[in-house]
Amino acid sequence: MKAEKCRKRFGVLLATAVCVAVLLMAGTVSAASWPDKSKILTMYVASGAGGGSDMAGRMIASVLEKELGMKVVVINKGGGGSQIGVTEFLSKSGTDGYTVLCANTPVTISPYMDPARKATYHLGKDIQLAVGYGFSPCAVAVKKGGKFKSLKDLVEAAKANPGKIKGTASGPMVQNDLSMVLLNKAAGVEIARMYFDQQGEQRAALLGGHVDAEFNNDFELIGGNKSGEIETLAVFDKTPAVALPGVKTAESMGYNVHMAAAYGLGFKTGTPQEILDVVEAAVIRASKKPEMVESFQKIGLGVKVMTGKEYRAYWTGIENVVGDVVKGMAVKK
Amino acid sequence: MDALSGLLYGLSVALRPENLFFVFVGCFLGTLIGVLPGIGPVGAISILLPMTFQLAPTGATIMLAGIYYGVMYGGSTTSILVNVPGETASVVTCLDGYQMARQGRAGPALGIAAFGSFFAGTAGLIGLQLLANPLSRIALKFGPPEYFALILLGFSLITHLSHGSKSKACIMALLGLILSGVGLDPITSRERMTFGILNLFEGIGVAPVAMGLFGVAEVFNNFGTLSSGSIEKIRITKLLPSKLDWLQAKWAMVRGTAVGFFLGILPGGGPVLATFVAYALEKRVAKNPERFGKGAIEGVASPESANNAAASTSFIPFLTLGIPPNIVLAVLLGAFMIHGIVPGPLLIRDHPEIFWGLVGSMYIGNVVLVILNLPLIPLWVQVLRIPSKILYPLVLLFCLVGAFSINNNVFDITVMIIFGIVGWLCRRYGYEGAPLILAFVLGPMFEVNFRRSLLMSQGSFSIFFTRPIAFGAMIFSLGLVIFPIYKLLGERFKGTTG
């Protein structure tokens with residue numbers, strides 16, 4: 001009786017040991033053989049369904065599906081300005097490369113640069129960037145046929161009436177808010193920042209004459225620009241935006257302001273560099289094919305590939321901007 | 001193209017077999033999503049969006065729009081049958097709809113909800129077809145101060161949402177207001193009442209709170225009676241509304257439609273607010289308001305009409321200005337853009353087949369929804385024949401799945417259960433959930449528009465009294481609060497002298 005029990009226990013132990021060994025081996029082998037096409041790549045989008053980040057994430061998911069030849073499943077986890085999604089990604093993800101994060105700036109940055117948000121993660125320490133794939137510069141628009149014909153008009157008015165000229169953004173610390181902060185700094189003015197968090201509210205406030213300028217991403221302005229309801233005065237990028245033909249850069253008007261939303265992919269720190277390289281190469285390969293560019297154009301998002309290294313450098317630049325704004329806010333408080 | 005020939009053209013587009021198919025699919029999915037608690041039109045449309053990439057733009061937009069207004073139809077079903085609001089826009093329908101079901105009148109309640117929806121949806125469409133441009137210009141006149149004043153007006157109606165003590169209603173409303181402040185500050189993004197809990201940063205979700213206070217609380221309530229063994233049998237009397245029902249509901253539908261029609265146009269207003277205002281208005285004009293909350297058919301007819309009228313007219317700023325007045329239409333805007341169509345003043349000229357095809361499809365869709373929903377009523381009513389000890393655990397299960405489906409987050413389930421317990425306790429002591437929900441929905445809009453207004457005026461309160469629409473609404477809501485007090489004092493005075 002006792003002997004039998006012992007034997008059984010031994011059997012269980014042996015089986016467990018074998019399992020552990022297999023798992024360990026699988027762990028070491030995985031980097032070289034990644035991706036295992038029978039597995040599923042889980043992609044975390046740290047925002048709810050719908051909206052720019054989600055659309056971009058789903059687009060790149062279908063690109064990866066084709067290039068890597070494996071199934072990609074998108075998980076939406078919104079809330080806390082990406083903080084909830086990123087936190088969950090880090091708690092659920094292993095370092096085997098089968099869980100990927102949509103790491104976008106500045107939305108992924110703001111939570112951990114702001115000490116009050118108590119985010120437990122940081123780029124580098126917890127997240128490694130593999131590649132950047134999409135780019136949407138910020139721009140500023142006014143009501144067509146209104147008081148302002150150029151960015152200079154707007155800035156002069158803001159200078160003459162401090163605090164009275166009002167600009168919109170979709171929320172504190174998002175890219176269009178940061179573009180307003182940078183413009184204020186570059187031009188030495190104080191355009192009042194008003195937040196309208198629901199899409200459409202910004203435009204309604206602008207067309208109704210309740211605010212003076214709408215700060216938004218280029219793709220949000222295409223429609224109003226085409227129909228002639230609004231006029232985009234300047235785009236905050238080094239080059240003009242494809243989505244907004246005929247609109248010059250703020251830089252060319254003497255205001256050195258650059259701000260955009262950039263979309264990329266990241267893995268948990270500790271994931272073998274080889275895996276990151278495979279993903280980087282896959283995206284670079286796809287970006288040279290017309291399908292990817294065309295499908296991105298549909299949602300008004302420009303394809304702009306940055307290698308992991310380039311994206312990292314770009315990211316650090318935005319971190320500094322966010323850090324400055326956070327400090328400014330802390331002083332004001 | 002004038003409105004009539006446009007409509008005929010639109011109907012011809014919508015009646016093409018493939019488009020007719022998409023109308024049907026959209027309406028069917030919408031009804032289904034409306035019936036299931038938790039997942040709402042935003043989530044559903046976003047998930048289905050990638051599937052529409054391969055479709056022709058007309059078919060895709062017709063189908064996605066069908067989901068949106070189909071949800072408004074389906075949302076009332078579970079509100080009436082088991083007190084679980086299928087959508088936030090159907091919370092108010094619980095108040096009288098569920099009471100009607102308990103009295104065995106689920107059939108008439110569902111029938112009136114379906115017909116009211118049809119009537120209101122169609123009326124909204126006529127407005128969309130004929131008055132789209134002038135109405136959208138009016139909507140633009142509403143800036144932050146106007147919204148603030150309008151929401152204040154909404155608050156002044158809060159006590160009409162309960163049939164018990166007015167002071168208890170006010171206490172619940174205050175609680176709702178406090179709860180709505182939880183989360184990151186909308187302007188400075190500092191934490192408020194989050195206690196460091198990450199899941200509270202975005203605030204507490206409306207859907208789990210509503211499902212908890214109504215559905216789960218009802219289940220808990222019934223567990224009590226189940227264990228005591230005294231189960232009341234519901235006798236189902238009729239399947240269709242009687243002549244008296246129609247007479248009572250007639251004007252409620254018209255008034256509900258009018259409220260929904262107007263609030264639907266305003267960006268940020270939308271179907272949810274419309275249902276609360278319509279219900280409160282109905283109670284205010286009623287000859288015997290004490291019937292409300294005890295199964296008054298007007299209490300079903302007016303909010304159900306309001307949310308459908310609002311769903312129709314919310315297309316006005318969307319199609320004429322390219323401004324989505326609520327989140328669902330914001331997602332739909334994305335769908336339009338993907339198909340290379342830009343909603344706005346040029347839509348009707350550049351893509352008449354889309355504009356008129358969509359309008360035409362919505363007329364057809366409203367008919368499809370009635371055809372789809374009326375035969376289902378006898379089937380739904382059968383739900384009430386299920387023994388309570390099987391039905392209520394099932395309802396609880398549905399709520400659990402529904403709450404989880406919103407964000408794939410277990411935290412929403414926790415919130416729902418907590419509010420289920422809160423709702424159950426409140427009910428035992430005569431406090432009602434509806435004022436809490438209204439304050440909870442209005443709270444963030446109230447705050448944000450107040451602060452935006454003061455930003456606009458650089459801190460001066462005069463902004464609320466120097467703009468005509470805001471001033472009018474402020475005076476009106478002030479009157480609504482002062483008049484009953486004056487009347488009460490007058491009566492007291494008479495009482496002492498006479």
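This passage describes chain A, the contact between chain B and chain A, and the surroundings of one residue of chain B in a predicted model.

Chain A makes a convenient starting point. Its secondary structure consists of 11 helices and 10 strands. Of the 333 residues in chain A, 54% are buried. Contacts that span many positions of the sequence are well represented: among the contacts in chain A with a separation of 6 or more, 75% are between residues 24 or more positions apart. The accessible surface of this chain is about 14,500 Å², and carbon and sulfur atoms account for 59% of that surface.

Turning to the interface, 45 residues of chain B meet 46 residues of chain A. Together the two chains bury about 3,800 Å², with 61% of this area on carbon and sulfur atoms. Three residues stand out on the side of chain B: B:Arg190, B:Leu198 and B:Arg452 provide 16% of the area that chain B buries against chain A, more than any other three residues.

Polar and charged pairs also link the chains. Six residue pairs are in polar contact between chain B and chain A, counting pairs with both residues at pLDDT 80 or more, and there are two salt bridges between these chains. One salt bridge pairs B:Arg452 with A:Glu201, where the closest N and O atoms lie 3.7 Å apart. B:Arg452 thus appears both in this salt bridge and among the three residues named above for their buried area.

Several helices of chain B take part in the side that touches chain A. Helix H6 (106-140), helix H7 (144-156), helix H14 (327-338) and helix H20 each contribute at least two residues to that side. The largest share, six residues, comes from H14(B). Sorted by class, the side of chain B that touches chain A holds 26 nonpolar, 11 polar and eight charged residues.

A closer look at helix H20 brings the passage to a single residue. B:Asn449 belongs to this helix, which covers residues 434-456 of chain B. Is B:Asn449 buried or exposed? With a relative accessible area of 6%, B:Asn449 counts as buried, because the cut-off for a buried residue is under 20%. The side chain of B:Asn449 makes a polar contact of 3.3 Å with the side chain of B:Arg452, the residue that forms the salt bridge with A:Glu201. Leaving aside residues up to four places away in sequence, B:Asn449 touches B:Pro144, B:Tyr147, B:Phe148 and B:Ile151.

Methods: Residues are numbered from 1 along each chain as its sequence is written. Chains are lettered from A and ligands numbered from 1 in the order in which they are written. This is a predicted model: local features need pLDDT of at least 70, side-chain atom pairs count only at pLDDT 80 or more; totals for chains, interfaces and linings use all residues. Side-chain values use heavy atoms; hydrogens and water are left out. Helices (H or I, at least four residues) and strands (E, at least two) are DSSP runs, numbered from the N terminus. Buried means under 20% relative accessible area, exposed over 50%, partly exposed in between (1.4 Å probe, protein chains only). Contact means heavy atoms within 4.5 Å. Accessible areas come from the Shrake-Rupley method with a 1.4 Å probe; for residues, only the protein chains shown count as cover. A polar contact is a pair of N or O atoms within 3.5 Å; within protein, one must be able to donate a hydrogen and the other to accept it, and residues adjacent in sequence count only if both atoms are side-chain atoms. Buried area is the accessible area (1.4 Å probe) that two parts lose on being put together, summed over both. A salt bridge is a side-chain nitrogen of Lys or Arg within 4 Å of a carboxyl oxygen of Asp or Glu. Ala, Val, Leu, Ile, Met, Phe, Trp, Tyr, Cys and Pro count as nonpolar, Asp, Glu, Lys and Arg as charged, and the others, Gly among them, as polar.
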